[in-house]
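Reader: Pick one part of this model and take me through it closely. Which contacts does it make, and how does it sit against the rest?

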Amino acid sequence: MEHPLTPGIAHRLRQGDPEAIESVVDTFHGPIYRYLVCRGSTVSQAEELTAETFFQFLKSIASFRGDDDQIRAFVFSTARHVRANSYRRRPNDACSIDAEIAIEDALNSPVEQLLAQERSSAVTKAIEQLSEVAREVIVLRFVEGLSVSEIAKVCGMPTGTVKSHLHRAKQELKHELSDSEPLT
Amino acid sequence: MNQDNMHSDDDAPIRDACRNLREMEIPSQLKSKCLTAAQNGLASAGLTQSLPLEATSSQVSKLPVAIAASLLVGVGLGWILRGNAQPSVREDLAQIKPKSVFMTPRPTTNATSIVEYQERSSEESFFTKETYLCGVGRIQSKSKYQISREQQ
């Protein structure tokens, strides 16, 4: 679970404060990793991209002008760009292929086996059936718990558009989940 | 986790379905990996606070060290060349042939004849030996007046 950030952390990050950096890494390395796995990355890819996210985040921290409550959106936005750049370099890595690779990776360790089981579960399959935008907003909203305004900052779209996508995504997901298993 | 506007009845099934994903286990070595990457990112952005001061002080301290090293090298070379030059200086080149200058007849108190004077002829020489170091100039100068007697 996320740990709350101490007040004034944005300023201290811009100063290069080591404790602030450790606090941000401690708070967000789990959610970023989880986001990348849910978005179709394999375990090893998610680890690599998570580290790359923090590299890029601190590299561009001097240009961050937001407050403490905007750091989470900035981190997730960085992760989104890192993932997009990664898939641009590897254009054949579609979501379905990632799922297969994830299952292969799952054979390497108990954690990866559990993740493989998670990915084969109904909800992950249902999420994978969604469109790219719908998948994005569903993961950010229901897995990472971002607000609509934060999702708008991460995805670079107006809040009204986010709400529209979210509504449509929820309908699609409910439909997929109801096809696979009954919901109570 | 930000819970604003999330707790609606319609969203409950989706929220419950995503619970396992929210509780996904994170690899244990991931945090240290991310911390290292974060520090590398900060370093690449040049936000390491002590870096400018170290660069300035190192540049300032290098100058006298460089000057001292140059002087030591120059003095050392001078000593080496002085030592090497001693055997190679051709003293005979600087010698003034005694006969051409000093062989003006000088009355000697003990000479009774020309033959005796000739027997007691002396060779007098005067020479100056100077050592020059390229790029530095004259580093040593020695003058010598030598009288040697030949006994027949």
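Author: The answer starts with one helix, follows its side chains outward, and then turns to the chains as wholes.

First, the ground rules. This is a predicted model: local features need pLDDT of at least 70, side-chain atom pairs count only at pLDDT 80 or more, and totals for chains, interfaces and linings use all residues. Residues are numbered from 1 along each chain as its sequence is written, chains are lettered from A and ligands numbered from 1 in the order in which they are written, and side-chain values use heavy atoms, with hydrogens and water left out.

The part is helix α4 of chain A, residues 71–89. Helices (H or I, at least four residues) and strands (E, at least two) are DSSP runs, numbered from the N terminus. Start with the length of α4(A). Its 19 residues should span 27 Å at 1.5 Å a residue, and the end C-alpha atoms are 27 Å apart, which agrees. The expected span is 1.5 Å times one less than the number of residues.

Now the burial. Buried means under 20% relative accessible area, exposed over 50%, and partly exposed in between (1.4 Å probe, protein chains only). The buried residues of α4(A) include A:Ile71, A:Arg72, A:Ala73, A:Val75 and A:Phe76. Further along, A:Val82, A:Arg83, A:Ser86 and A:Tyr87 are among them.

Take the aromatic side chains next. Rings of Phe, Tyr and Trp (its six-membered ring) pair if their centres lie within 6.5 Å; planes under 30 degrees apart count as stacked, over 60 as edge-to-face and the rest as tilted. Over all chains, the structure holds three aromatic pairs. A:Phe76 pairs with A:Tyr35: 5.8 Å centre to centre, 85 degrees between the planes, edge-to-face. This pair links distant parts of the chain. A:Tyr35 lies in helix α2 (residues 18–38), A:Phe76 in α4, and the two are 41 residues apart. Both A:Tyr35 and A:Phe76 are buried.

A second pair uses A:Phe74. The ring centres of A:Phe64 and A:Phe74 are 4.7 Å apart with planes at 25 degrees, so the pair is stacked. A:Phe64 sits in the loop between α3 (43–59) and α4, and A:Phe74 in α4, so the pair ties together parts 10 residues apart in sequence. A:Phe64 is buried, at 7% relative accessible area. Add A:Phe57, and A:Phe64 and A:Phe74 form one aromatic cluster with it.

Then the charged side. Side chains of opposite charge can pair when their charged atoms come close. A salt bridge here is a side-chain nitrogen of Lys or Arg within 4 Å of a carboxyl oxygen of Asp or Glu. The structure holds 13 of them over all chains. From α4(A), A:Arg83 meets A:Glu132 in a salt bridge, 3.6 Å from N to O. A:Arg83 is in α4 and A:Glu132 in helix α8, 49 residues apart, so to speak distant parts of the chain linked by the pair. A:Arg83 counts as buried, at 10% relative accessibility. A:Glu132 counts as partly exposed, at 40%.

That bridge belongs to a network. A:Arg39, A:Arg80, A:Arg83, A:Glu132, A:Arg135 and A:Glu136 are linked in it by salt bridges. One bridge joins A:Glu136 to A:Arg39, with the closest N and O atoms 3.0 Å apart. A:Glu136 lies in helix α8 (residues 132–143) and A:Arg39 in the loop between α2 and α3, so the pair ties together parts 97 residues apart in sequence. A:Glu136 and A:Arg39 are both buried.

Now step back to chain A. It has 10 helices and zero strands. Of its 184 residues, 52% count as buried. A contact means heavy atoms within 4.5 Å. Of the contacts in chain A with a separation of 6 or more, 64% come from residues 24 or more positions apart.

Chain B gives the backdrop. It has seven helices and two strands, with the pattern α-α-α-α-α-α-α-β-β along the sequence. Of its 152 residues, 20% count as buried. Among contacts in chain B between residues at least 6 apart, 40% join residues at least 24 apart. Chain B also has a salt bridge between B:Arg138 and B:Glu130, 2.6 Å from N to O. B:Arg138 is exposed, at 52% relative accessible area, and B:Glu130 is partly exposed, at 33%.
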